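The exercises below are meant to be worked through with the sequence and the coordinates side by side. Try each task before reading its solution.

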Amino acid sequence: MASRIVVDPITRIEGHLRIEAEIKDGKIVDAYSSGTMVRGFEIILKGRDPRDAWAFTERVCGVCTTVHALASVRTVEDALGIVVPPNAELVRNLMFCAQYLQDHVVHFYHLHALDWVDVVSALKADPKKASDIAQTISNWPKSSPKYFSDVQKRLTGFVNSGQLGIFANAYWGHAAYKLPAEVNLVAVAHYLEALEWQKEMVKVHTIFGGKNPHPNYLVGGAPCSINTDESNAINAERLAYVGKLFEDAQQFVEQVYIPDLLAVAGFYKDWGAIGSGLPNYLAYGDLPMNGYNDPTKFKFQRGAILNRDLSTVHPVDGKNVEQVQEYIAHSWYEYSGGDGVGKHPWDGETKLNYTGPKPPYEHLDVEKKYSWLKTPRWKGNAMEVGPLARLLVAYASGNEEVKEVVNSTLKALDVPVGALFSTLGRTAARGLETKLIAGWAKEFFNQLLANIKNGDTRMFNNEKWDPETWPAEARGVGLSEAPRGALAHWIVIKDKKIANYQLVVPSTWNASPRDTKGQLSAYEAALIGTPVKNPDQPVEILRTIHSFDPCIACAVHLYDEKGRYIHQIDTF
Amino acid sequence: MIDKPLTMWQHMQLQGYTRRDFLRFASWLAAAAGIEASGVGKVVKAMETKPRLPVVWFHFQECTCCSESFIRSSHPIVSDIVLDKISLDYTETLMAAAGKQAEEALHNTMKKYRGEYLMLVEGSVPTENGGVYCCVGGRSALDIVKEAAEGAKAIVCWGSCASNGCIQAANPNPTGATPIHKIISGKPIINVPGCPPIAEVMAGTIVHLLAFDRIPQLDGLGRPKAFYSRRVHDTCYRRPNYDAGLFVETFDDENARRGYCLYKVGCRGPVTYNACGVMRWNNGVSYPIQSGHGCIGCSEANFWDNGPFYRHLASFPGFGIETTADKIGVAVGAATAIGIAAHAVSTNIRKRKLIREDIEISVPPSDSKKGGA
C-alpha cells in the first residue's frame, strides 16, 4: 500500500518549500517539491538602473547574502564590457570565501545537524568520555571533561525548565538516530560554539561591504577604497582584522567542523547509498585567480557531467541560448509561447498565473502546476547543482587539490567512490570544499597584500560608470557559484534601463517541479528510494532534503493512497 | 512537560548560576537597557517571578536576512537569548521539529500562553489574489497572521518587509505585499525596520521588552525611539566633511580614499533614521558609509522607489541634529519626491552654495498603490 506524506513547513531551511512524497513498503517511490512563496523580483526590476540591480537581487536571499549581488554586478559588467581591477576581484573573492565559511558551518550545525544528532540523548552522556572522544579527533582546546559537563548542565537546566523552545517536539529518540550519547554531547557543544563563531566570520563583509547581512557591492569594482595612510579607508588595521578572521576560520573548520563531520559520518555510512538522485551535475565555477573573464584560472572549474561519467566534462556557456532554458509546464506562470516551450533567460518571461487550489488547501494538484519555481534544464537535462556538483566537476577537470581531499576522505571513511553520489556525499562535499576555501582565502588575502605592497591600490573602474557611455542595447550574463550551487543572472539593458532581468538560482535547479517531458529535478529524484521508517516522523526526508541545503521554504503533509491526509497538518 | 514553567531565576539556578551571578546579570540587563541604578531592583523582581517569555517567529515574504542578522547579535549573544531569556517556540529557520511537529509546537504555545506570547514577524504578507503568493502548510500568510495576532501580547515586525513592505512592495508590487500594521489593528505593534535591522537593535528590542515588560517608546512610525530617532546623516562620522563641502565625486577617487562625504554619489543618510552611525554593524565593526558606499536608506519606507541609488538627493528636509523623525513627519520616507521647490534647504546658506550646483530634479516616486509603507 502506498501512502503519501506531506511535510509543511520543512524547517531549518531558507524559504517556503513543501514536499509531498509517496511511500510504499517503507520507501519513497515518488516525490513532489513545491515552492509556495513568490515575490516577483523580475517584474520589479524592469525599468530600473542596472547599477542598482545588485541591491535588489541581493535581497533574494539573506542566508546566502552577497551571492546575488556578486552575480548581478558581473552580469552588468559583462553587458557593458567592464573589467574590474584585480584588487576588487580579490575583495569579491574574500567576501565569497567568508560567505561560504559562515554559511556552510551554519548549515552543518544549525540547519542539518539535528537530523543526525539527538540533543536529548546528550543529557545521558558521560562528560569524561565525551572529552576523550573530542581529544581523539581534534586538537581544539575546548575539550575538557569540565567543559562538556558544563554544557550538559546547561542543557539539563534548559530541558528541565519545561520550555524546550527551538528543541521542542522534535524526533528525539527516533530509531534513526545512531550516535552515542557522548558524540551527541560534543555536537551540541559545538552547535553553541559555531553559533557564536559565525557572527565573527561575517565581519569580513562588514569591513569591505559595511554590513552583514546584505553588504554593499558596486558595478565596476568594490566600494571600499584602499589607503594605507588613512583611517577612513582599507588600511593595515582593517587588513589585519580580515587576516585574523580568516586565521580563526581555518582553525575552526579544521579543528571543529571537519572532525565533527567525519565523526558523525562514520556512524551513518549507510547514507552513502541513499538519496543519490540525478546522475547529471552542473557547475559554473568560481573564485577567479586571473579575473572573472578567464574561467580556465578559476579555483572551482566550470562544466557539466552527464550520467556520472567523470571522464568527460562538457563545456558550459551561459550565452548559448540552446543550453540553459527554463520551463513552466508545472509552474504557476504563463509564457507567450505556451506551456510546452523552454526559454533562454535573455528571452525569459515572468508572468504570475496561479492556478493551484485556493488556500487553505490540503494538497496540490501535482498532475498540473504545483510550484512557484520554474524548471531550468541544461541542454534539456535535469542537473544537480551544489557542493557535490562543484567537487565532481573540479575532480573530473583534474583539479589536484580537490582530488587529494576527496580521495583522502573516502579512504578515511573507508567508503567506495559511489558513496559520493548520495545524501552523505552531499553533506561531506560541503565540508570538504569549506576546508579548501579556508586555505584559498589566505592565498587571496596574501595576493591582496602583495598588490598593495607593489603600489596597486585601485578598487574601481570608472570608465563605464556614466550611463552616457553605454550602448543603446546590451546583454549580459553573470555566472557564479552560490554555496548552494550554480547561480546565474541574465540582463537585457535598453536605453540605460533594465528591459529584462532573469535569475536562475541553485534551488531552482534542485527544487523545481518536473519538466515538460516529466523529468524529475534533483530533490524529487533524490527522495526516491529514501527509506521512511515511521511516516509520522519522517526524519529521513529531512536528511535528504537538508543535504541540498534548500534556499526556499517548503511544506510537508501526509496522505493515504487516495490522496486523503493521514495527518492533517494545521498551521496553528 | 512541567506545567508551571520556571522563572528566569529558577532557570539560572538550574544552570548553576549563583545568586550573585544572577544579580550581576540583572544589573547588566538594566544597564544595557538604560535603566538607572534605582530600577535594578525591579528587573531582579521581574526575573524572579516570570517564566521565560514564549515567543513565536513567523516567516512570510522575506529573505531570512532578519533571522540571519538576529543570530549575529553580540550582546546578548543569541544562544543566551534562546536558551536563557526567551522560549523561542516556533521559528522555521532554527527549530528542530518540522511539518506536523512544528505546527504542534506552535499550536501548543498559542493555546497555553494565549494573550501572553510575543509574536515576531519577518516578511510582508501578500494580499492580492486571495493571498496565494505565500502559503505555509497550505494556508495563506494572511490567514495565519490574523489568527496568530489575536492571541499575541504584542507584535514585533522585524525588518522593512514586515514594517513597510520592502522590496516586494516596490513598484509595481506584483503580489500586493503589505506590512503587518496595515493588516492587524488593536495590538501593540513595534516596527524594527532595516534590511535587515542591526543585530543588536533586534536583541535590544527584545531585551527592552523582557527587562521592563513594556513596549519601548515609539515614534510616529512605530519604531523604537532608542534606535530610530536620529538620522544616519546626523550621527555620521563623515558629517564634518559634508559641512565643509568635501565630497566624493566618484567611487575610489582621491576624495573617496580620504573618506569624504558620500552625498554626491547617492548617500541616503540625510533621509534615513537608523542607528548605523552610532552602533554600527556586527558589534561596531563598520557601517556602509565607513566602508565607502552610501547609505541606501534601507530602514525607510519605499526606499526602493526613492530614485536610483547613485543619484544624489535633490534636497532633504531639516538640517540640525535636533531634528527627529516625528518633527519632520512621514515626509522623510519620500524625501526625494518632495522636490526642490517645496523643501529647498534654507537653514544654511553656505552649505547650499556648496551643493547648489548638484541639485537636480530627482525622479518622481513610483506609485506604490498596493501595500507598501
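What follows is a set of five exercises on a predicted model, each with a worked solution.

**Exercise 1. Confidence**

Task: Establish which stretches of chain A and chain B have a pLDDT under or below 50, and set them beside the averages for each chain.

Solution: Begin with the scores for the whole model, which are ipTM 0.93 and pTM 0.90. Next take chain A, where the average pLDDT is 94 and 96% of the residues score at least 70; the stretch to mark in this chain is 553–572, where pLDDT stays under 50 although the model has 94 contacts for it beyond four places in sequence. Then turn to chain B, whose mean pLDDT is 83, with 76% of its residues reaching 70 or more. In chain B the stretch to mark is 329–369, where the pLDDT is below 50 and the model has 65 contacts beyond near neighbours in sequence. Where pLDDT is low, the predicted coordinates should not be read in detail.

**Exercise 2. The contact between the chains**

Task: Describe how many residues each chain brings to the contact, and which elements and residue classes make up the side of chain A that touches chain B.

Solution: Count the residues of each partner to begin with: the contact takes 89 from chain A and 91 from chain B. On the side of chain A that touches chain B, at least two residues each come from α1 (41–45), α2 (53–58), α6 (145–160), α7 (181–201), α8 (203–209) and β13 (554–559). Sorting the residues of this side by class then gives 42 nonpolar, 28 polar and 19 charged. A caution belongs to β13 of chain A, which spans 554–559, as pLDDT stays under 50 over residues 553–572 of that chain.

**Exercise 3. The parallel sheet of chain B**

Task: Work out the strand order of the five-stranded open sheet in chain B, and find which strands stand at its edges.

Solution: Start from the chain as a whole, which has 16 helices and nine strands. Five strands form an open sheet in the order β2-β1-β3-β7-β9, with parallel pairing. The edges are held by β2 (86–91) and β9 (189–192), each of which has a single partner strand, so one side of each is left without a neighbour in the sheet. Neighbouring strands are turned against each other by 20° on average, direction ignored.

The pairings can now be followed strand by strand. Five bridges join β1(B) to β3(B), and V55(B) stands opposite L118(B) there. Between β3 (residues 117–122) and β7 (residues 152–158) of chain B there are six bridges; Y117(B) faces A152(B) across this pair, and V121(B) has C157(B) as its bridge partner. Four bridges then link β7(B) with β9(B), where W158(B) is opposite V192(B).

**Exercise 4. What covers the sheet**

Task: Decide whether the faces of β3(B) and β9(B) are covered or open, and identify helices that lie across the sheet strands.

Solution: Look at β3(B) to begin with, where six of its six residues are buried. Y117(B), M119(B) and V121(B) lie on one side, with L118(B), L120(B) and E122(B) on the other, so both faces are covered. The edge strand β9(B) is likewise covered on both faces, with I189(B) and N191(B) buried on one side and I190(B) and V192(B) on the other. Now add the helices: α6 (residues 99–112) of chain B lies across β1, β2 and β3, at about 135° to β2(B), while α7 (residues 141–150) of chain B crosses β1, β3 and β7, at about 165° to β1(B).

**Exercise 5. Buried positions in chain A**

Task: Explain why the buried residues of α5(A) line one face of the helix, and then why Y281(A) counts as buried.

Solution: List the buried residues of α5 (residues 127–137) in chain A, which are P127(A), A130(A), S131(A), I133(A) and A134(A). Seen down the helix axis, these fall within an arc of 165°, so they line one face. This set packs against α6 and α7 of chain A.

Y281(A) lies in strand β4 (residues 281–283) of chain A. The cut-off for a buried residue is 20 or more other C-beta atoms within 10 Å, and Y281(A) is buried because it has 28. Beyond its neighbours within four places in sequence, its contacts include A304(A), M383(A) and V393(A).

Notes
Residues numbered from 1 in each chain as written. Chains lettered and ligands numbered in written order. Predicted model: local features only at pLDDT ≥ 70, side-chain atom pairs only at ≥ 80, totals over all residues. Contact = placed C-beta atoms within 7 Å. Nonpolar A, V, L, I, M, F, W, Y, C, P; charged D, E, K, R; others polar. Pairing = 2+ DSSP bridges. Axes fitted to C-alpha atoms, helices over the stretch in contact; angles between N-to-C directions. pLDDT = per-residue confidence, 0-100. Buried ≥ 20, exposed ≤ 12 C-beta atoms within 10 Å, placed from the backbone. Arc of directions from axis to C-beta.
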